[in-house]
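Visitor: Please take one part of this model, the site annotated for binding, and examine it closely. I should like a single connected account of it, followed by whatever else in the chain deserves a note.

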Amino acid sequence: MIFDVLTLFPEMFECVLSHSILKRAVEKSKLKVNLINIRDFSKDKHKRVDDYPYGGGPGMVMMPQPLFDAIEFVKSQGNIPVYYLSPKGKIFTQEMARELSKMERIALLCGHYEGIDERVYAVIDGEISIGDFILTGGELAAMVVIDAVTRLIDGVLSHPQSALEESFSDYLLEYPQYTRPEVFRGMRVPEVLLSGNHAEIARWRRQKSLEITLLKRPDLLKKANLTEEDKKFLREKGYEI
Ligand SMILES: C[S@@+](CC[C@H](N)C(=O)[O-])C[C@H]1O[C@@H](n2cnc3c(N)ncnc32)[C@H](O)[C@@H]1O
């Protein structure tokens, strides 16, 4: 998958792309990130990309000219949707990550300062927010999107099953995980996980997943794909279904 990232700070991406799963995805040619510096498109003699807001007020606004030219440069290379990382956008979820992972190429526009001139919306295809808070710039949000989407691309994870069992995969939070040693500071790994009984382990994990979701994110249960056995278990835990 190819991401075209339009940013004023391309260097910020280097660290994230040169470690762990993203690094391997790049090496395996599963991921390509084209970093496009918006400043390179400025026609201003001082390469300015921002200016004061009309009507007054604090901060600076990203000017339309460099943004239009940078976006048109990306779009001249194909039918590439451009998503603006923005606190006003649709909240990024695992479901959205899965949808995006099916696409061949998308562009991510990172805002900065007070954001972009409103007229740039004319060449934007969508807006993505990573949550109800304000970041300094869209770069960290773009990295979040790239990370979450890339791990869903076929062949990126060495154990693809992990993407299916993780929290949110079926609107349920993941069951508890343990590793060695069996006893740590008096706390034991649950006996069932040492039993070798795969059916019992699967049942325990499912029930823990339901229990944790009920406790921490009951809102998710409304969307979860629940079996009759799941519903019976949840009713016993006091959930009205
Ligand atoms: C300081 S913010 C601008 C916020 C803007 N003045 C507002 O109130 O909506 C600068 C840039 O950070 C990015 N950004 C901030 N919060 C974000 C969020 N929650 N999700 C995605 N991008 C965000 C956007 O690209 C935005 O243009």
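Guide: A residue is called buried when its relative accessible area is under 20%, exposed when it is over 50%, and partly exposed in between, using a 1.4 Å probe and the protein chains only. The model is predicted, with local features needing pLDDT of at least 70 and side-chain atom pairs counting only at pLDDT 80 or more, whereas totals for chains, interfaces and linings use all residues. Residues are numbered from 1 along each chain as its sequence is written, and side-chain values use heavy atoms, with hydrogens and water left out.

The UniProt record assigns the feature "binding site" to Gly111, Ile130, Gly131, Asp132, Phe133, Ile134 and Leu135. Positions from UniProt follow the numbering used here, feature names are shortened, and annotations may be inferred rather than shown by experiment. Of these residues, Gly111, Ile130, Gly131, Phe133, Ile134 and Leu135 are included in the lining of the largest pocket. A pocket is an open set of points, on a 1 Å grid over the protein atoms alone, where a 1.4 Å probe fits and protein lies on both sides within 12 Å along at least five of seven lines; a lining residue has an atom within 4 Å of a point.

Two members of the site differ in exposure. Gly111 occupies the loop between strand E6 (105–110) and strand E7 (126–129); helices (H or I, at least four residues) and strands (E, at least two) are DSSP runs numbered from the N terminus. Gly111 counts as buried because its relative accessible area is 8%. Apart from neighbours within four places in sequence, Gly111 has contacts with Met62, Tyr84, Leu85, Gly137, Gly138 and Glu139, where contact means heavy atoms within 4.5 Å. Ile134, by contrast, belongs to the loop between E7 and helix H5 (139–150), and Ile134 counts as exposed because its relative accessibility is 69%.

The ligand is surrounded by 21 residues, and the closest are Tyr84, Leu85, Gly111, Gly131 and Phe133; a residue is near a molecule if one of its heavy atoms lies within 4 Å of it. Polar contacts are pairs of N or O atoms within 3.5 Å; within protein, one must be able to donate a hydrogen and the other to accept it, and residues adjacent in sequence count only if both atoms are side-chain atoms. A polar side-chain atom of Tyr84 is 2.6 Å from a ligand oxygen atom. Polar backbone atoms also approach ligand nitrogen: that of Ser86 at 3.3 Å and that of Ile130 at 3.1 Å.

Next to Gly111, strand E6 ends at residue 110, where Cys110 is buried because its relative accessibility is 1%. The structure contains zero disulfides, a disulfide being a pair of cysteine sulfur atoms within 2.5 Å. The sulfur of Cys110 is unbonded because the closest cysteine sulfur, in Cys15, is 16 Å away, too far for a bond.

Helix H5, which follows the loop of Ile134, also holds Thr150, a residue buried at 0% relative accessibility. A polar side-chain atom of Thr150 is 2.5 Å from the backbone oxygen of Ile146. Beyond its neighbours within four places in sequence, Thr150 touches Phe3, Leu22, Ala25, Leu31 and Val156.

Finally, some backbone geometry merits a note. Most residues other than glycine have a negative phi, and most peptide bonds are trans. Arg180 and Pro181 are joined by a cis peptide bond with omega of about 5°, and Ser20 has a positive phi near 55°.
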